[in-house]
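Here's a guided walk through a protein model, taken one piece at a time. Keep the picture open and turn it as you read.

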Amino acid sequence: MPAGRLSISQVRLAAIVAGGAAGALARAGLAEALPHAAGGWPWATFIANLAGALFLGWLLTRLAERVAPTTHWRPLLGTGLAGALTTFSTFQVEIFTLMHDGHGGLGIAYALTSVAAGMALAVAGVVAARWGRRW
């Protein structure tokens, strides 16, 4: 590798970091804009996770069909942006907190709705990507 040039793995790492910073800022912005009270529906996490599911369904289908595997789009947008935007750990903590604080029904509804809607939106993203390639 010539001096002053980044290796492919260094460029991919930089892409993940850049995408991760953007995703983390987006999620932090959602959390700031949509705070939830104790015992309330955690809208910020819910929206971030559903948006991430839709985006990943679209992105991975689009990339698999259109972009050569050597590009850096997947690390930037998939691993970085969507990885930092979505949060399974916060989702788990919110469910546990709702259950622990006596809001078991809401915790179960939040868990089931998040998983079902996330799966539906991931499929919708795949369908949208395939529909969009006709244009």
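Let's start with the aromatic rings: a search of the whole structure turns up 8 aromatic pairs. One of them joins Phe 88 and Phe 91, whose ring centres are 5.9 Å apart, with 40° between the planes, so the pair counts as tilted. Bear in mind that what you're looking at is a predicted model.

Where do Phe 88 and Phe 91 sit in helix H4? They are 3 residues apart in this helix, which covers residues 88–100, and that separates them by about one helical turn. An α-helix has 3.6 residues a turn, so residues three or four places apart point the same way. Is each ring's residue buried or exposed? Phe 88 has 57% relative accessibility, so it counts as exposed. Phe 91 has 8%, so it counts as buried.

The two also belong to a wider group. Trp 41, Trp 43, Phe 46, Phe 88, Phe 91 and Tyr 110 form one aromatic cluster. Phe 88 also gives you a nice case of sequence and space telling separate stories: Phe 88 and Thr 45 are 43 residues apart in sequence, yet their C-alpha atoms are 9.0 Å apart in space.

Now step back for the overall layout. The protein has 5 helices and 0 strands, and reading along the sequence gives the pattern α-α-α-α-α. The C-alpha trace spans about 60 × 40 × 20 Å along its principal axes. Of the 135 residues, 27% count as buried. If you take the contacts with a separation of 6 or more, residues 24 or more positions apart account for 73% of them.

With that in mind, look at how the helices meet. H1, residues 8–33, and H2, residues 43–66, have axes that come within 8 Å and cross at roughly 145°. H1 passes H2 in a right-handed crossing. On the H1 side the contact is made by Arg 27, Leu 30 and Ala 31, and on the H2 side by Ala 44, Ile 47 and Ala 48. Sorted by character, the residues of this contact are 5 nonpolar, no polar and 1 charged.

Between those two helices there's a loop, and His 36 is in it. With 39% relative accessibility, His 36 counts as partly exposed. Which residues does His 36 contact, leaving aside its neighbours within four places in sequence? They are Trp 41, Pro 42 and Glu 94. Trp 41 should ring a bell, as it's part of the aromatic cluster. Going the other way, His 36 and Leu 13 are 23 residues apart in sequence and 34 Å apart in space, C-alpha to C-alpha.

H1 has another partner in H3, which runs over residues 73–85. How do H1 and H3 lie relative to each other? Their axes come within 6 Å and cross at roughly 30°. Angles under 35 degrees count as roughly parallel, so H1 and H3 are roughly parallel to each other. Their crossing is right-handed. Many residues take part, including Ala 15, Ile 16 and Gly 19 in H1, which meet a set in H3 that includes Leu 76, Gly 80 and Ala 84. The contact of H1 with H3 divides into 11 nonpolar, 5 polar and 2 charged residues.

What about the buried part of H3? Pro 75, Gly 78, Gly 80, Ala 82, Ala 84 and Leu 85 are buried there. The buried residues of H3 pack against H1 and H2.

That brings us back to H2, this time with H5, residues 104–132. The axes of H2 and H5 come within 7 Å and cross at roughly 30°, so these two helices are also roughly parallel to each other. H2 passes H5 in a right-handed crossing. The residues of this contact divide into 13 nonpolar, 8 polar and 3 charged.

One last stop in H2 is Asn 49. At 17% relative accessibility, Asn 49 counts as buried. Not counting residues up to four places away in sequence, Asn 49 touches Thr 86, Thr 87 and Phe 91. And Phe 91 takes you right back to the tilted pair with Phe 88.

Notes:
Residues numbered from 1 in each chain as written. Predicted model: local features only at pLDDT ≥ 70, side-chain atom pairs only at ≥ 80, totals over all residues. Heavy atoms only, no water. Phe/Tyr/Trp six-rings, centres within 6.5 Å; stacked < 30°, edge-to-face > 60°. Helix = DSSP H or I, 4+ residues; strand = E, 2+ residues; numbered from the N terminus. Buried < 20%, exposed > 50% of the residue type's maximum accessible area, 1.4 Å probe, protein only. Axes fitted to C-alpha atoms, helices over the stretch in contact; angles between N-to-C directions. Parallel < 35°, antiparallel > 145°, perpendicular 65-115°, else oblique. Left-handed = near helix turned anticlockwise from the far one by under 90°. Nonpolar A, V, L, I, M, F, W, Y, C, P; charged D, E, K, R; others polar. Contact = heavy atoms within 4.5 Å.
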